[in-house]
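Trainee: Could you take a close look at one part of this model with me? I would like to go through a single helix and then what lies around it.

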Amino acid sequence: MDMGILGWIVIGLFAGSISGWFVGSRSVQGCLPTIVVGVIGGVIGGWLSGAMGLGRVEGFLGALLFATIGSILVRLVLRAIEGRG
C-alpha cells in the first residue's frame with residue numbers, strides 16, 4: 001500500500017493526536033504541529049520497525065501503530081527539552 005503525501009498527513013494527524021493522549025505534552029498544540037509530530041513519528045516508527053527486524057510496515061493500522069510509537073518518542077523528547085528551560 002503506497003499512501004502518498006495525503007496518506008502521510010492523515011496518518012500523521014491520527015498518530016500525533018493519539019500520542020498526545022498518552023504523553024499530554026502542551027508544547028504541541030494545533031492541527032499543523034500535531035501533523036508534523038505524527039509524520040516525524042512515522043519516520044522514526046518506520047526506522048524502529050526495520051531496526052527491530054520486523055521489516056517494512058504494511059497497511060493503515062501498521063503504519064498508524066508505528067507512527068504513534070514514534071510520535072510518543074518525539075513528544076517525550078520535546079517534554080524533556082521543555083523541562084530544561
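Which residues of α2 are buried?

Mentor: Happy to! Keep in mind that this is a predicted model. The buried residues of α2 are T34, I35, V37, G38, G41, G42, G45 and S49. They sit on the same side of α2, because the arc they cover around the axis is only 155°. The general geometry helps here: an α-helix has 3.6 residues a turn, so residues three or four places apart point the same way.

Now turn to the face of α2 directed away from that buried side, where the exposed residues L32, V43, W47 and A51 are carried. The length of the helix can be checked too: α2 covers residues 31-51, and its 21 residues should span 30 Å at 1.5 Å a residue. The end C-alpha atoms of α2 are 30 Å apart, so the model agrees with that expectation. After α2 comes G53, which has a positive phi, near 80°.

V43 also leads us beyond this helix, as it belongs to a nonpolar surface patch together with I5, L6, W8, I9, V10, F14, F60 and L61. The accessible area of these residues together is about 870 Å². Two helices, α1 (4-23) and α3 (59-84), each supply at least two residues of the patch, and α1 gives the most, with 6 residues. One member from α1 is I9; with a relative accessible area of 36%, I9 is partly exposed, whereas V43 on α2 is exposed.

Definitions and conventions: Residues are numbered from 1 along each chain as its sequence is written. This is a predicted model: local features need pLDDT of at least 70, side-chain atom pairs count only at pLDDT 80 or more; totals for chains, interfaces and linings use all residues. Side-chain values use heavy atoms; hydrogens and water are left out. Patches are made of residues with over 30% relative accessible area and no salt bridge: like charges are joined within 9 Å, nonpolar side chains (Val, Leu, Ile, Met, Phe, Trp, Tyr) within 5 Å. Accessible areas come from the Shrake-Rupley method with a 1.4 Å probe; for residues, only the protein chains shown count as cover. A salt bridge is a side-chain nitrogen of Lys or Arg within 4 Å of a carboxyl oxygen of Asp or Glu. Helices (H or I, at least four residues) and strands (E, at least two) are DSSP runs, numbered from the N terminus. Buried means under 20% relative accessible area, exposed over 50%, partly exposed in between (1.4 Å probe, protein chains only). The expected span of a helix is 1.5 Å times one less than its number of residues. The arc is that of the directions from the helix axis to the C-beta atoms.
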